[in-house]
Every structure is written in structure tokens, then in C-alpha cells.
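Work through the following exercises on charged pairs and on the contact between two domains, with the sequence and the model at hand. Each task is followed by a solution that goes step by step.

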Amino acid sequence: MSQSTRRTFIKSAACAVAAPTIVPRSVFGANAPSNRINVGFIGLGNQSKVDLPAFLENDDVQVLAVCDVNTGSIGYRVPEDFLGREPGKQSVEAYYADKSHSGSYKGCAAYTDFREVLGRDDIDAVVIITPDHWHATMTIAAARAGKDIYCEKPLSLTVEDGKAMVKAVREHKRILQTGSQHRSNDNMRRGCELVRNGRIGDLERITAYIAENNFTGPGTSWMPMPVPKGFDYAMWLGPAPKAPYHEDRCLYKFRFIEEYSGGQTTNFGAHSLDLAQLGHGSELTGPLEFTDAGSEWPESGSLFTTATRVAFHARYADGVELICETRPPGFGARFEGSEGWVQVDSSGVHASPKSLLTSVIGPDEFHLPVAVPGKPVTRYDRVSPQHVRNFLDAVKSRQDPIEPVEVGHRTATICHLGNIAMKLKRKIKWDPESEQIIGDDEAAGMLKRPKREPWEI
Ligand SMILES: NC(=O)c1ccc[n+]([C@@H]2O[C@H](COP(=O)([O-])OP(=O)(O)OC[C@H]3O[C@@H](n4cnc5c(N)ncnc54)[C@H](O)[C@@H]3O)[C@@H](O)[C@H]2O)c1
């Protein structure tokens, strides 16, 4: 959402304060209440600027609740963005007010504790956009509460978290979409289909691109800071170890601290390695070995602790080499084969020979699913709405969405194993069947992290 749109939202929300708490039927068009998906948002920070409008634009969605431990503040990825629980609620109410005849709407509840969202019988699905260290606890609790789940990428903080998420989602028969939205981009699908249908000959090597760190942090000289008013820091930390507050620990920048995230390895790997798996056709398995290839890490004692340069190599059972590196263009995957190459990135599909770009995939060849059949999308800003629509259709059909829990878990697993190999600076052997590290107890111990009470899974 642009700054000006958000300002319009907040302005019109302010006029709506005195309105009664009713849902005008006109807001939801032809969609009868029984056909409507009631949604709660958990985490109203940076990525909610993309995900919230992507849900709101659907006439068969009603956002009933938002939840954030931050009442509202600046200090997110775009420093002047004012985000959190209250701005989130205002955005939702302003959106519905804009669509209503009366021009007013009040009916979005705001919570600090996500368990209150999960406790509401009238909420069908939750959107989890919190830092990665919360994904497993919240997803599992949501599955137990009978909610369908759109969980942002990377799906997990650790491999064991991911396994537990798969188990809970399947046990409770929930729909889960992993928020790796580029899977729903038709350019990515097209590029991966070319590879899957042998247009570049035998696949030999895949390169997954990772972006450089976009913040450097305070280095080793950081000092604890007072917790800002309106920010529930204990609930932000949740399952993570106790740690003194610092502004660079929390909003957006958590992704550079190992307790909460896997750095750019998981942040961009959840997109680029996801495409690597899609083009390779190994979405429910993974490589057998992982080796550091010159990764770099911050100085000991720094607040930021994740890799400053990502570089690892892996190898699949069929001999295909996987290279994952901090390297331009920073997002996407390149597939090299015996007869050419294909690259998918934010600028589209590229190939050599160029004739591949117009090569038609015949009806009897292999086809990957289209996120929204009959409505392919390649515009970058329409990819998330497409991915969300795919989720909503899955909620209704009870068929898996384009990136179900197992696939998101396997992509995250590659990121985590890459991090372990880079951290230990030695080769890690992985059995994708049993999902165990072979012959290395120290590395195996890194597949799991303790969670603080009462957030164990
Ligand atoms: N799909 C994408 O392209 C994409 C892009 C950016 C971020 N993401 C993912 O979205 C997630 C959030 O990232 P972000 O950049 O929005 O971070 P952020 O810090 O900007 O926002 C996270 C929000 O969650 C809130 N929060 C933390 N703990 C909470 C809790 N216990 N209950 C309720 N709210 C809580 C924070 O206060 C914050 O407002 C991450 O997993 C990230 O990887 C995905």
C-alpha cells in the first residue's frame, strides 16, 4: 500500500469512528455470508502492506480482526511507515468504509494476543505475517483451533519446526499456503516448465540468487534500550530466548538475527530456492549434501548474527549441482543444462537459445499448476494477490493450494541446511527420506531449537 493510499485509509477511518458495528451487505457484493471467508491478520508490519490489500480486494473475504504486539509506530523497513495494530485496524475499516454506501464502517477487532483471534468461532482463516520465530507456534495453534492458514515464508525457523507444522496441518485437515508468492507468477511457472520438459537438455546446475543484506545494524557496540511504550516486547520475543531490547532487534531487522530468522539465506532462499526446487522437480525431497562455499559472518558480539555473504553448494541424488549465493540479480534461479539455460527472475524469463522463449509446451507434456486457472499473472505487483486468490480458492475447494505445507517446509529445509553447513564450514550429509543429518551430531543438534514456555510445540 502506498503512503498516500494508507493516509487516505486512515483519514476516512477517522470519520468512521462513530458508526455502528455492522457489516453493510453491499460491502461484500453478491457473496452470501455462507460463501465468505472470515479472516484474521496476525502481524501488521512491513509485509502486511502487500498481504492485507491482497486479501481485502476479494469480495468473498471479510477481515474481522487484526493482531499485533505493536500498537503502532514507525521504524519498519521503510523508516517513516507507521504500522502495527491500530494502523492495521484503521486500514481495514477505511477500506470497507470506502466501499459502503454510508461511507463508514466499524467492525474490525484489534488484539495483542493471537490466541484471542484463534479463539473466535467466526474466523475461518488466519494470515501469519510475524517474524519467523513465531511461525511454527502460531501455525500449530491455528491448525488445532480449526483455522486455515496463510503463513508467510520462510515457513519455519528450524527443520524440526517445519516437520511439526506439516504434522499439525495434516492432522487437523487444514489448508496452508506458504507465502512464497513467486510460485504464482506465470513467468516463473513457464521457465520451470521449460526445464521440466527437457528444453535445456539434461539439467546440470541450478543457481539460486540471494540479495545482499539491506541493513548493517549497530555492530558490536550496541547497548540495550528501553522498550517503547505500546510495544509488548515479551510477546514479541515469545518462544525466542530472553534478550535485552534494542530497536534493531525487532521491527523488520529481526531477519538478521539468528534467534528469529535465518538471514537472507531463508529470507530470499524461501523464494529463489523454492523456484530451484520447482524447476528441478524435487519439491518433496531435497539435496543429499551441503558444503560451505565461502560464506561470511558478522564479528562475534554483533547484534546481527546471520551471514553477511551467503555461499553454499549442494548436490541432488541425480547429480544436479545447486549453488546458492549472494549475487545479482539477488532473486530468482538459473537452470543450466547440456543444451542451454533458462533463468527466472524479477525481470521475467530469459533463455539460451532464445528460441526456447517461444517454445510451446504440448498438451501431452508436463504442466505445472496455474495459480488461478485461466487468469495467468506476470505483473510483479499482481503476484501476491494471485497467490492469495489461489489460497482462497483452496479454502473453498479443500484441495491443496499451489504451495502446501510440505513444499514450503522442504524449501525452508534447504535454507536451514545451507545455513548449518555455512556455519560449521564443513560438508553436511542429509537423508531427505528420514529428514536426518547423517553422522554429525553437532550439525544434527542444529535442526531444532528450544522454545521458551509456554510456546513449546
Ligand atoms: N512474501 C514475501 O515476499 C515477504 C516479504 C517480506 C516479509 N515476508 C515475511 O513476513 C514475515 C514478517 O516480515 P515483515 O518484514 O513484515 O516484519 P515486520 O517486523 O515489519 O512485521 C512483523 C510484525 O509482526 C508483529 N509481531 C511480532 N510478534 C508478534 C506476535 N506475537 N503477535 C502479533 N504480532 C507480532 C510485529 O510487531 C510487527 O509489526 C517474515 O516471516 C518475513 O519473511 C515475506
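**Exercise 1.** Determine whether Glu-365 is buried, partly exposed or exposed, and then describe its pairing with Arg-199.

*Solution.* Glu-365 has a relative accessibility of 30% and therefore counts as partly exposed, given that buried means under 20% relative accessible area, exposed over 50%, and partly exposed in between, with a 1.4 Å probe and protein chains only. Arg-199, at 18%, counts as buried. The two side chains meet in a salt bridge with an N to O distance of 2.7 Å, where the term requires a side-chain nitrogen of Lys or Arg within 4 Å of a carboxyl oxygen of Asp or Glu. This pair links distant parts of the chain, since Glu-365 lies in the loop between β13 (348–352) and α11 (383–397), and Arg-199 in the loop between α7 (186–196) and β7 (203–210), 166 residues apart. Helices (H or I, at least four residues) and strands (E, at least two) are DSSP runs numbered from the N terminus. The model is predicted, so that local features need pLDDT of at least 70 and side-chain atom pairs count only at pLDDT 80 or more, whereas totals for chains, interfaces and linings use all residues. Residues are numbered from 1 along each chain as its sequence is written, and side-chain values use heavy atoms, with hydrogens and water left out.

**Exercise 2.** Locate Lys-167 and Glu-171, and state how far apart their closest N and O atoms are.

*Solution.* Both residues belong to helix α6 (residues 159–171), where they are four residues apart, about one turn of the helix. Their salt bridge has its closest N and O atoms 3.4 Å apart, and Lys-167 is exposed, with a relative accessible area of 57%.

**Exercise 3.** Describe how domain 1 and domain 2 meet.

*Solution.* An automatic or database domain assignment divides the protein into domain 1 (3–181) and domain 2 (183–370 + 404–445). Taken over C-alpha atoms, their centres are separated by 26 Å. With contact meaning heavy atoms within 4.5 Å, 36 residues of domain 1 touch 40 residues of domain 2. The buried area, which is the accessible area (1.4 Å probe) that two parts lose on being put together, summed over both, comes to about 3000 Å², 62% of it on carbon and sulfur atoms. On the side of domain 1, Val-69, His-133 and Val-159 lose the most area to domain 2, together 20% of what that side buries. Between the two domains, the count is one salt bridge.
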